[in-house]
Amino acid sequence: MSWFSKDIKSMDDLFVHNLRDIYYAENQIVEALPSMIDKASDARLKQSFQLHLMETKNQIQRLEQIFNMINLEITSVNCPAIDGIIDEANEVAADIDDKMVLDAALIAAAQTVEHYEVARYGTLVAWAKLLGRPDCANILQQTLNEEKNTDMKLSQLAIGEVNKKAA
Ligand SMILES: [Fe+2]
């Protein structure tokens, strides 16, 4: 940001900023998931993290597709929010010995990530429509649906078995 002018001058700029923010976040999630897969004990939880890792890689490709559609360089901007969520999850996990309690903590962390992503993608879909890019909005909506679905499946796993085993 320069002394004379600010970097985000318009809704277009803000849209692009948030695209680059979620692009950074998705890449951090791809880096974080393998260790979550390792730490998870419940077979269905492990499986659901594995599936989400594949989905996340695909979500990254969708974002790259959007950068191409709007003729923008594929770059990210730091997202301290996702870094904070992941850091906190790692700190908590490091403090837990009991495998079942760790599973409950992993689900809680993953759902925090999902809620962050749902907020971001929800905004991006709305802004893409506002800015006259329903084609981009459709692609972003696919990811939004996946994130919501992942969150719902994690809730079912938590309520269905993991939390009870932990308790
Ligand atoms: Fe994602």
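**Exercise 1. Place Glu88 in this predicted model, and decide whether Glu88 is buried or exposed.**

Solution.
- Step 1: Find the element. Glu88 sits in helix H3, which covers residues 80-94.
- Step 2: Check the accessible area. Glu88 has a relative value of 52%.
- Step 3: Apply the cut-off. Exposed means over 50%, so Glu88 is exposed.
- Step 4: Look at the charged surroundings. Glu88 belongs to a negative surface patch, together with Asp87, Glu91 and Asp95.

**Exercise 2. Name the protein donors of the iron ion and give their spacing along the chain.**

Solution.
- Step 1: List the donors. Glu26 appears twice, each time through OE. Gln59 gives OE1, while Glu117 and Glu147 each give OE.
- Step 2: Read the distances. These donors lie 2.0 to 2.4 Å from the iron ion.
- Step 3: Write the spacing. The pattern is E-x32-Q-x57-E-x29-E.
- Step 4: Pick out one pair. Gln59 in helix H2 (residues 43-69) and Glu117 in helix H4 (residues 99-130) are 58 residues apart, so the pair links distant parts of the chain.
- Step 5: Test for burial. The limit is under 20%. Gln59 has a relative accessible area of 0%, so Gln59 is buried. Glu117 also has 0%, so Glu117 is buried.

**Exercise 3. Describe the protein chain as a whole: how many helices and strands are there, and what are the spans of its C-alpha trace?**

Solution.
- Step 1: Count the elements. The chain has five helices and zero strands.
- Step 2: Give their order. From the N terminus on, it reads α-α-α-α-α.
- Step 3: State the spans. Along its principal axes, the C-alpha trace covers about 55 × 35 × 20 Å.
- Step 4: Add the burial. Of the 167 residues, 43% are buried.

Conventions. Residues numbered from 1 in each chain as written. Predicted model: local features only at pLDDT ≥ 70, side-chain atom pairs only at ≥ 80, totals over all residues. Heavy atoms only, no water. Donors = N, O, S within 2.8 Å, 3.2 Å for Na, K, Ca; no water. Helix = DSSP H or I, 4+ residues; strand = E, 2+ residues; numbered from the N terminus. Buried < 20%, exposed > 50% of the residue type's maximum accessible area, 1.4 Å probe, protein only. Patch = residues over 30% accessible without salt bridge, like charges linked within 9 Å, V, L, I, M, F, W, Y side chains within 5 Å. Areas by Shrake-Rupley, 256 points an atom, 1.4 Å probe, with all protein chains shown as cover. Salt bridge = Lys/Arg side-chain N within 4 Å of Asp/Glu carboxyl O. Lys, Arg positive; Asp, Glu negative; His and termini not counted. Charge placed at Lys NZ, Arg CZ, Asp CG, Glu CD.
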